[in-house]
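Here are my notes on the model you sent round. Have it open while you read, and go through the points one by one.

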Amino acid sequence: MIYQGKQRIWSEYQKEIPTDHWFYVRSCIRQTFWPASEKMFLEVLRNRIGKDIYETPCHTTCGGIAYHSETIPQETVMTIIARQFALMTEAGYENYVCSCITSFGLYSEVIEDWREFPELEAKIRENLWKATKREFKIPTYLAHASDLIYKFRNEIAEQAKFRLVNHKTGKPLRVVEHIGCHYSKMFPSKGVGGAEYPYVLAGMVESWGGEVIDYPERRHCCGFGFRQYLVKANRGYSVSNTHKKFESMEPFEPDMIITNCPGCPYFLDRWQYVIAEQTGKTYGKDGYGIPVFTYEEVAGLVLGYDPWDLGLQTHQVAVEPLLDKMGIPYKPEDKYKGLNGKELQRPDFPMNIKCC
Amino acid sequence: MSQNVVIIGGGPAGIEASRRLRDLGYTPILVEKEPALGGHLSRWDRLFPDGVEARSILEPMLQDLDGIKYFTDTEISSINRLKDTWVVKLSNGLSAQVRALLLTTGFDLFKAEKKEEYGYGIYERVVTNADLEAWFKAGAAPQFDDVKTLGFVHCVGSRDEKAGNRQCSKVCCVTAVKQACEIKEKFPDATVYCFYMDLRMFGRKYEDLYLKAQKDYGIRFVRGRVSEVSEDIDGHLFVKAEDTLFGKPLKIKMDLLVLMAGMAPAASTQPLARMLNITTGEDGFYQPQNLIDSACTSAREGVFFAGTATGPKTLPETIAEAGSAALAIDRYLKTPVK
Amino acid sequence: MIDFGYGLTPSATLKIENVQNPKFAALHEREPDVVKCIACGSCTASCSAGVFTEMSLRRVILSLQRGREKETLPMLQHCMLCGKCQLVCPRGINTRHLILSIGKVYGLNEEEAL
């Protein structure tokens, strides 16, 4: 692998990301799957880096799930998005950052459609006015939350208490980075690093001390989609895609996976359980599987937040082996305790994949 | 004192045209920006379809330069029109005033790193046709050791909207077949694949070469374009394509992949076009008066073309055009000025 | 093992280098011209049986090269050895001999081949 070749491509796809004053919108499902991720994002950017990130309680879903599952038409989803933009305009912002990668893809797609078909934009403006009496401006900059963490990765590295390094051997951790399909596959110029070798997560991993692995199915979809898993009979297609990725990354012996989408880490995490229970095969060492994280969780880990405050107990694949590798202290007995130390019940453990 | 003619570009077209013009009694001034004459031809090993050595064509040319004033490592600083002449200033300080100007600036090889999905410049085992020719000529490179499975990818940077080149580069298909046979001679036990969209075997004996490749060399042809290349843990390549004739996607592990980089317009085309106020086509090559019987003359008076400056061509076509351009210049210069 | 109601879909990708093709090598020995095929489709287009059945000599040759003979050998049952394909083959392959050789090498007995 000639690293300079990749660096040259990264340098061709530089994205302009403003440094301050962002309007933040959350994701529908991310908070359920990865409870602390969005809170961590705000915590890091507001309190650790000191930026102005604004969010309003009036904002809604972008409509992506419904749109991609074909339950609402394009005009509806464009009007929903127009309302989101109207909230941004009313709050006085022009930089828009979203938490979900499907949202990011959808916002990019809608803005591009409006640019190509101005009459469509005019129609949506009219729809919004009729429905809510709101007006909107198109954001000057659209970014994904991982773009912002990428932009401030060096500031985070400076404040970091831990690094992505095996503290016993001193070797960097081998990290698989997985980018959500909607990030740069549709519009390569809108993603940091382009479509073939995206750099947004690779940059974070490198600043925080890890080593990025390039394996053959690196750019393959995790299989989330929407239609293919909503109906139970279709889920075989989804799990096969994830299976293909894991078979491909296995020889490279990764220590962890970092992702920037709500759905991808969910599938990469949960499907390891399904594959283990169906076929008996686990990936990673000693039958524990390969732990999957969102980038905010990784940022929180390197900055020294308590793993259980980061919601890592909701992960299917055990994270404790990785925490041990990184030398992060944690209390195993507190894992399933709620607020004020209340004892919550412990989950049953699966048969074929080891959990803690 | 015989008339001067300035010829820009010292590849086979420029050298051949210079020789013809000299034989017709003119003094050619041949300008070449690289340190040596010969252009791309000086970097080829053997030529299709018969495997003739490239230097057996080039060396006689280079030994017949008497009476030709040639300057290497020299570029054009400026060209201005003065009445019915061109005032040409060279970067070495010399200048010439001529009535006829011949552009034989040739082509640039498409930069294969632009096709990011093929990983040229990222994976060591991905090389271009030019790299392979260089290895055939006199090379030792680690990616060529112990090759058991290898492939050729046709149409890299040609017939490709994404690469910005819609044109077919004409010669890459037959070059791929030639190189496939040559590399099979070096590695007789290797399995060689050619991934093509169409096989353009238009010239004399090209079909025979194709047949020979299939029958005698056992080259396997897969109709389907390579979509992406990735690397496994020992540095071998995974190549993904579709076998369109069979209707299923394909995945092969390879030790070497050769990208057939196409012909792109030379970098000097646009600056010279602006200096001379001549047009280029949509594909970026110079636009002659027409492509049938005035392919060597420009619509602009006193400007002539020969070779790949006006589009992809084979070497025999280039050499023939050089002679044709020389005659066109001769006719133009003998026509009295009105 | 738990049954979740869905399973892993097998991959449709051809992994060519994994194909050991001793049978094709044997066929190549009996009929060296088999590698001359350029998959032009003239044989299939002129085939008497091809109009009414799935018979396609082009597909048979290709599937043998890819190691997927199970999918296409049954087609050969429909071949009547009429020879129309041999009349049109631009590469001059003796297609009747090829079909009979395929039958011998891949184990179709004489009745099945005819």
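1. Start with strand 18 of chain B, residues 256–261. Keep in mind that this is a predicted model. Six of the six residues in strand 18 of chain B are buried, so the strand is largely enclosed by the rest of the structure. "Buried" here asks for 20 or more other C-beta atoms within 10 Å of a residue's own.

2. Which way do the side chains of that strand point? Leu256(B), Val258(B) and Met260(B) go one way, while Leu257(B), Leu259(B) and Ala261(B) go the other way, and all are buried. That fits a rule worth remembering: side chains in a regular strand alternate between the two faces of the sheet.

3. Now look at what strand 18 of chain B pairs with. Strand 11 of chain B (residues 126–128) runs parallel to strand 18 of chain B, with three bridges between them. Within strand 18 of chain B, Leu257(B) stands opposite Val126(B). Strand 12 of chain B (residues 149–156) is also parallel to strand 18 of chain B, and five bridges join the two. Here Ala261(B) of strand 18 is the bridge partner of Val156(B).

4. There is a sheet shared by two chains, so don't stop at chain B when you trace it. This open sheet has four strands in the order 15(B)-16(B)-17(B)-1(C), and its pairing is mixed. At the edges sit strand 15 of chain B (228–231) and strand 1 of chain C (14–15), each of which pairs on one side only. Where do the chains meet in it? Strand 17 of chain B (residues 248–254) pairs with strand 1 of chain C in the parallel sense, over two bridges. Leu14(C) in strand 1 of chain C is the bridge partner of Leu250(B).

5. The contact between chains C and B goes beyond that one residue pair: twelve residues come from chain C and 14 residues from chain B. On the chain C side, strand 1 and helix 3 (57–65) are the elements that give two or more residues. Sorted by class, that side of chain C has six nonpolar, two polar and four charged residues.

6. Chain A touches chain B too. Eleven residues of chain A are in contact with twelve residues of chain B. The chain A side of this contact has six nonpolar, two polar and three charged residues.

7. What does chain A look like as a whole? Chain A has 16 helices and eight strands. Its C-alpha trace spans about 60 × 50 × 50 Å along the principal axes. For 356 residues, a compact globule would have a radius of gyration near 21 Å, and the 20 Å of chain A agrees with that. Of those 356 residues, 46% count as buried. Among contacts between residues at least 6 apart in the sequence of chain A, 77% join residues at least 24 apart.

8. Chain A is assigned two domains: domain 1 (3–145) and domain 2 (149–341). Their C-alpha centres lie 24 Å apart, and 33 residues of domain 1 are in contact with 39 residues of domain 2. Which helix gives the most to the domain 1 side of this contact? In chain A, helix 6 does, with seven residues. By class, the domain 1 side has 18 nonpolar, eight polar and seven charged residues.

Key:
Residues are numbered from 1 along each chain as its sequence is written. Chains are lettered from A and ligands numbered from 1 in the order in which they are written. This is a predicted model: local features need pLDDT of at least 70, side-chain atom pairs count only at pLDDT 80 or more; totals for chains, interfaces and linings use all residues. The radius of gyration is taken over C-alpha atoms; the globule rule is 2.2 Å times the number of residues to the power 0.38. A residue is buried if 20 or more other C-beta atoms lie within 10 Å of its own, exposed if 12 or fewer, and partly exposed in between; C-beta atoms are placed from the backbone. Two residues are in contact if their C-beta atoms, placed from the backbone, lie within 7 Å. Two strands pair if DSSP finds at least two bridges between them. Ala, Val, Leu, Ile, Met, Phe, Trp, Tyr, Cys and Pro count as nonpolar, Asp, Glu, Lys and Arg as charged, and the others, Gly among them, as polar. Domain bounds come from an automatic or database domain assignment.
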